[in-house]
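Q: Got a minute to go through this one with me? I'd like to cover the domains and the charged pairs.

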Amino acid sequence: MFDDAVLESGVDPVRAITNVLNAYAAVVQIDLVALIVDEYDPAITFFTDVLGFDLVEDSPSLTDDGRPKRWVVVRPPGAQTGILLARADGELQRAAVGNQAAGRVGLFLRVDDFDAAYLRMAQAGVTFVREPRTEPYGRVAVFLDIAGNRWDLLGAT
């Protein structure tokens, strides 16, 4: 791993590795998570108008084989991680729409005011498949996004 010059320099190899790992960890974050949807515009409307996310980007792009697509990113206000809304392309992807976590909750939306968020979302027509309950980690209710994926709505107790 280290050449002779490094070892002869008197630098502690363990400390050198630790410094490299710490520097790497300091700049790592999950930037985007892809969510496969049927169509872009209804998904944008759901995430921006219903959930209150920001539309960060909506740019024309091309598939690997040159067909037009869009690069669409939504993000909760103030969040660093965004969601790439990816239109299903092909049978395999179409089969994954609404089932990206195989029927489990796969996405988690934490809010400051659970009751207000729950009420606003319910009034906007969001389907809740599990009513609010209190768990050791806070208040939680399970809802479906526009594609049918299960999310936890999370808030403090």
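The chat below takes the domains, then the salt bridges.

Q: What kind of model is this?
A: It is a predicted model.

Q: How is the protein divided into domains?
A: Domain 1 covers 12-97 and domain 2 covers 99-156. Their C-alpha centres lie 20 Å apart.

Q: What does UniProt place at residues 29-156?
A: An unreviewed UniProt entry puts the feature "domain: VOC" there. That span is 21% helix and 44% strand. Its end C-alpha atoms are 24 Å apart.

Q: Back to the two domains. How much area do they bury between them?
A: About 1,200 Å², with 71% of it on carbon and sulfur atoms. On the domain 1 side, F46, V50 and L51 supply 38% of the area buried against domain 2. No other three residues supply more.

Q: And how many residues are in contact?
A: 16 from domain 1 and 15 from domain 2.

Q: How many polar contacts and salt bridges cross that interface?
A: Six residue pairs are in polar contact, both residues at pLDDT 80 or more. The salt bridge count between the domains is zero.

Q: Which element gives the most to the domain 1 side?
A: Helix α3, with five residues. β1 (32-37), α3 (40-50) and α4 each supply at least two residues to that side.

Q: Switching to salt bridges. How many in the whole structure?
A: Six. One of them pairs R70 with D58, with the closest N and O atoms 2.7 Å apart. R70 is in strand β3 (residues 68-75) and D58 in strand β2 (residues 54-62), twelve residues apart.

Q: Are those two buried or exposed?
A: Partly exposed, since R70 has 24% relative accessibility and D58 has 34%.

Q: What does R67 pair with?
A: R67 forms a salt bridge with D65 at 3.0 Å, N to O. R67 also forms one with D89, where the closest N and O atoms are 2.8 Å apart.

Q: Why does the D89 pair tie separate parts together?
A: Because D89 lies in the loop between β4 (82-87) and α4 (91-96), while R67 lies in the loop between β2 and β3. The two parts are 22 residues apart in sequence.

Q: How exposed are D89, R67 and D65?
A: D89 is partly exposed at 33% relative accessibility. R67 is partly exposed at 38%. D65 counts as exposed because its value is 55%, and the cut-off is over 50%.

Q: Last one: which residues do shared salt-bridge partners join into one network?
A: D41, D58 and R70.

Conventions. Residues are numbered from 1 along each chain as its sequence is written. This is a predicted model: local features need pLDDT of at least 70, side-chain atom pairs count only at pLDDT 80 or more; totals for chains, interfaces and linings use all residues. Side-chain values use heavy atoms; hydrogens and water are left out. UniProt positions are given in the numbering used here, feature names are shortened, and annotations may be inferred rather than shown by experiment. Helices (H or I, at least four residues) and strands (E, at least two) are DSSP runs, numbered from the N terminus. A salt bridge is a side-chain nitrogen of Lys or Arg within 4 Å of a carboxyl oxygen of Asp or Glu. Buried means under 20% relative accessible area, exposed over 50%, partly exposed in between (1.4 Å probe, protein chains only). Domain bounds come from an automatic or database domain assignment. Contact means heavy atoms within 4.5 Å. Buried area is the accessible area (1.4 Å probe) that two parts lose on being put together, summed over both. A polar contact is a pair of N or O atoms within 3.5 Å; within protein, one must be able to donate a hydrogen and the other to accept it, and residues adjacent in sequence count only if both atoms are side-chain atoms.
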